[in-house]
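Colleague: Thanks for sitting down with me over this one. Could you take me through it, one question at a time?

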Amino acid sequence: MRVAEVMTRDVRLIEPTQSIQEAARLMAELDTGIMPVRDGDRLVGMITDRDITVRAVAQGRGPDTSIREVMTDD
C-alpha cells in the first residue's frame, strides 16, 4: 500500500489566532480530531480535540481562548 492511497488530499488549516470554538466546530464538520495550524505560510503546530479538552476545558478556559494558547507546537 502506498501513502497516496490513504492520505487526505484536501487539507484544511487553521490560524493560531482563531478560537478553540472555531477549531472544534471545524473538527466536527470535517469529522477529525486534529488540525494543522499555520501562521502565514509556515506550519507552527497542531491542535487536537485532546488539546482543547485537557489544556482548555479542564483548566476552565472559555470558548474564545485562542488556539495559540493550547495548541501543540513541538
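Colleague: Is R55 buried, partly exposed or exposed?

Modeller: This is a predicted model, and its computed relative accessible area for R55 is 35%. Buried would need a value under 20% and exposed one over 50%. R55 therefore counts as partly exposed.

Colleague: Which residue does the side chain of R55 meet in a salt bridge?

Modeller: Side chains of opposite charge can pair when their charged atoms come close. For R55 the N to O distance is 3.4 Å. The partner sits 4 residues away in helix α2, so about one helical turn separates the two. With a relative accessible area of 6%, this partner is buried. The residue is D51.

Colleague: Nice. Which residues of helix α2 are buried, and how wide an arc do they cover?

Modeller: Helix α2 spans residues 49-56, and its buried residues are D51, I52 and A56. They lie on the same side of α2, because the arc they cover around the axis is only 100°. Among the elements that cover them are α1, β2 and α3. So the arc asked for is 100°.

Colleague: On to the other salt bridges: how many residues apart in sequence are the parts that R38 and E15 tie together?

Modeller: The closest N and O atoms of R38 and E15 are 2.8 Å apart, which makes this pair a salt bridge. R38 belongs to strand β1 and E15 to the segment before α1, so the parts they tie together have a sequence separation of 23 residues.

Colleague: Which residue pairs with E69 in a salt bridge?

Modeller: The N to O distance in that pair is 2.8 Å. The partner has 31% relative accessibility, so it counts as partly exposed. It is R61.

Colleague: Which element gives the most to the lining of the largest pocket?

Modeller: That pocket holds about 180 Å³ of space. Its lining has 6 nonpolar, 2 polar and 2 charged residues, including I34, M35 and P36. The element that gives the most, with 3 residues, is strand β1.

Colleague: Last one, on S19: is this residue buried or exposed?

Modeller: S19 lies in the segment before α1. Leaving aside neighbours within four places in sequence, S19 is in contact with P63, D64, T65, S66 and I67. Its relative accessible area is 11%, and the cut-off for buried is under 20%. S19 is therefore buried.

Definitions and conventions
Residues numbered from 1 in each chain as written. Predicted model: local features only at pLDDT ≥ 70, side-chain atom pairs only at ≥ 80, totals over all residues. Heavy atoms only, no water. Buried < 20%, exposed > 50% of the residue type's maximum accessible area, 1.4 Å probe, protein only. Contact = heavy atoms within 4.5 Å. Arc of directions from axis to C-beta. 1 Å grid on protein atoms, 1.4 Å probe; cavity = no way out; pocket = protein on both sides within 12 Å on 5 of 7 lines; lining within 4 Å. Points joined across faces, edges and corners; volume = space filled by probe spheres on them. Nonpolar A, V, L, I, M, F, W, Y, C, P; charged D, E, K, R; others polar. Salt bridge = Lys/Arg side-chain N within 4 Å of Asp/Glu carboxyl O.
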